Amino acid sequence: MSTPKRYSSILLIGPPGVGKGTQGKMIGAIPGFFHLATGDMFRSLDKESEIGLEFTRYSSQGLLVPDFLTVRLWRQHVDQLIARELYSPTSDILLLDGIPRSQPQAETMRDYIDPCMIIHLVCENIDEMVRRMQKRATEQGRPDDADESVIRKRFEVYAEQTAPVLACYDQEIIYDIDALGTQAEVLLRILSKIVPAIANPCFDRQK
Ligand code: ADP
């Protein structure tokens, strides 16, 4: 079976701390989905490598890693996942969490992904998201979650660079999901959009 030219994908988009990673991991545990989070990809780098140092330099200030570097690393990462038979483009839907995170990334990635659905996690309660991130800082030791001024910067970057990504896609494939509630409640809301759509031709992984 030949590898499709563009990977069938679902994009998870939403501000920091809204629950993309939490939901992505749960959905990624369902056969037929593969969750790929760029934050995890960056954090798995050797911290002393050139790219590992670049990542720390940007993320510690709440900034995005430059687009060119991010997309190049993402492509290498996907190639490795395919080579190691962890992700199969012909049978899995790629659940992308954290990419594209800017309009230039969305443009470049048109050649590689075919987004069939966008799950836009919405939460107007910034204090709740900051609280979740500070909890995560203690649990996971993430330096970019510990400092309140860095957290605020990430919200600014989200509004300026990431929220405009939504305008790059057909508005009909965007689903706003209320991200407030228990993990199970939010999961149910997301699955109620994804599961009925799986039969749509867009999700045909063989095309
Ligand atoms: P959050 O869960 O708060 O959204 P992530 O774990 O997804 O954060 O990402 C952590 C950091 O990794 C970001 O603040 C950014 O510096 C870097 N990063 C992740 N994805 C991208 C991307 N697509 N483009 C540029 N930088 C990225």
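**View 1. Aromatic pairs, starting with Phe34 and Tyr87.** Search the whole structure, which is a predicted model, and four aromatic pairs turn up. One of them puts Phe34 against Tyr87 in a tilted arrangement, with 5.5 Å centre to centre and 40° between the planes. Phe34 belongs to strand S2, while Tyr87 sits in the loop between helix H4 (67–83) and S3, so the pair ties together parts that are 53 residues apart in sequence. Both rings are tucked away: Phe34 is buried at a relative accessible area of 17%, and Tyr87 is buried at 2%. Add Tyr7 to Phe34 and Tyr87 and you have one aromatic cluster.

**View 2. Trp74 meets Tyr112.** Here is another tilted aromatic pair, formed by Trp74 and Tyr112, with 6.4 Å centre to centre and 45° between the planes. This pair also links distant parts of the chain: Trp74 comes from helix H4, Tyr112 from the loop between helix H5 (103–109) and S4, and the two are 38 residues apart. Trp74 counts as buried, with just 1% relative accessibility.

**View 3. A charge over a ring.** Swing over to Tyr169 and you'll find Arg110 lying over its face, 6.0 Å from the ring centre.

**View 4. Strand S3 and its neighbours.** Strand S3 covers residues 93–97, and five of its five residues are buried, so S3 is largely enclosed by the rest of the structure. As a rule, side chains in a regular strand alternate between the two faces of the sheet. In S3 both faces are covered: Ile93, Leu95 and Asp97 are buried on one side, and Leu94 and Leu96 are buried on the other. Strand S1 (residues 7–13) runs parallel to S3 and is joined to it by four bridges. Ile10 has Leu95 as its bridge partner in S3. Strand S2 (residues 33–37) is parallel to S3 too, with five bridges joining them. Phe34, the ring from View 1, has Leu94 as its bridge partner in S3.

**View 5. The buried side of helix H3.** Helix H3 spans residues 50–59, and its buried residues are Gly52, Phe55, Tyr58 and Ser59. These residues cover an arc of only 135° around the axis, which puts them on the same side of H3. The general idea is familiar: an α-helix has 3.6 residues a turn, so residues three or four places apart point the same way. What covers the buried residues of H3? Helix H2 (38–43), helix H7 (143–146) and helix H8 (148–162) are among the elements that do.

**View 6. The disulfide, and cysteines to compare with it.** The structure has one disulfide. The link runs from Cys116 to Cys202, with 2.1 Å from S to S. It bridges distant parts of the chain: Cys116 is in strand S4 (residues 113–122), and Cys202 is in the segment after helix H9 (183–197), 86 residues apart. The link of Cys116 and Cys202 is left-handed, with -90° about the S-S bond. Cys116 is buried at 9% relative accessibility, whereas Cys202 is partly exposed, with a relative accessible area of 26%. Why is Cys168 too far for a bond? Its closest cysteine sulfur, in Cys116, is 17 Å from the sulfur of Cys168, and a disulfide needs the sulfur atoms within 2.5 Å. Cys168 counts as buried at 16% relative accessibility, and Cys123 is buried as well, with a relative accessible area of 9%.

Methods. Residues are numbered from 1 along each chain as its sequence is written. This is a predicted model: local features need pLDDT of at least 70, side-chain atom pairs count only at pLDDT 80 or more; totals for chains, interfaces and linings use all residues. Side-chain values use heavy atoms; hydrogens and water are left out. Buried means under 20% relative accessible area, exposed over 50%, partly exposed in between (1.4 Å probe, protein chains only). The arc is that of the directions from the helix axis to the C-beta atoms. Contact means heavy atoms within 4.5 Å. Two strands pair if DSSP finds at least two bridges between them. Rings of Phe, Tyr and Trp (its six-membered ring) pair if their centres lie within 6.5 Å; planes under 30 degrees apart count as stacked, over 60 as edge-to-face and the rest as tilted. A charge sits over a ring if NZ of Lys or CZ of Arg is within 6 Å of the ring centre and within 35 degrees of the ring normal.
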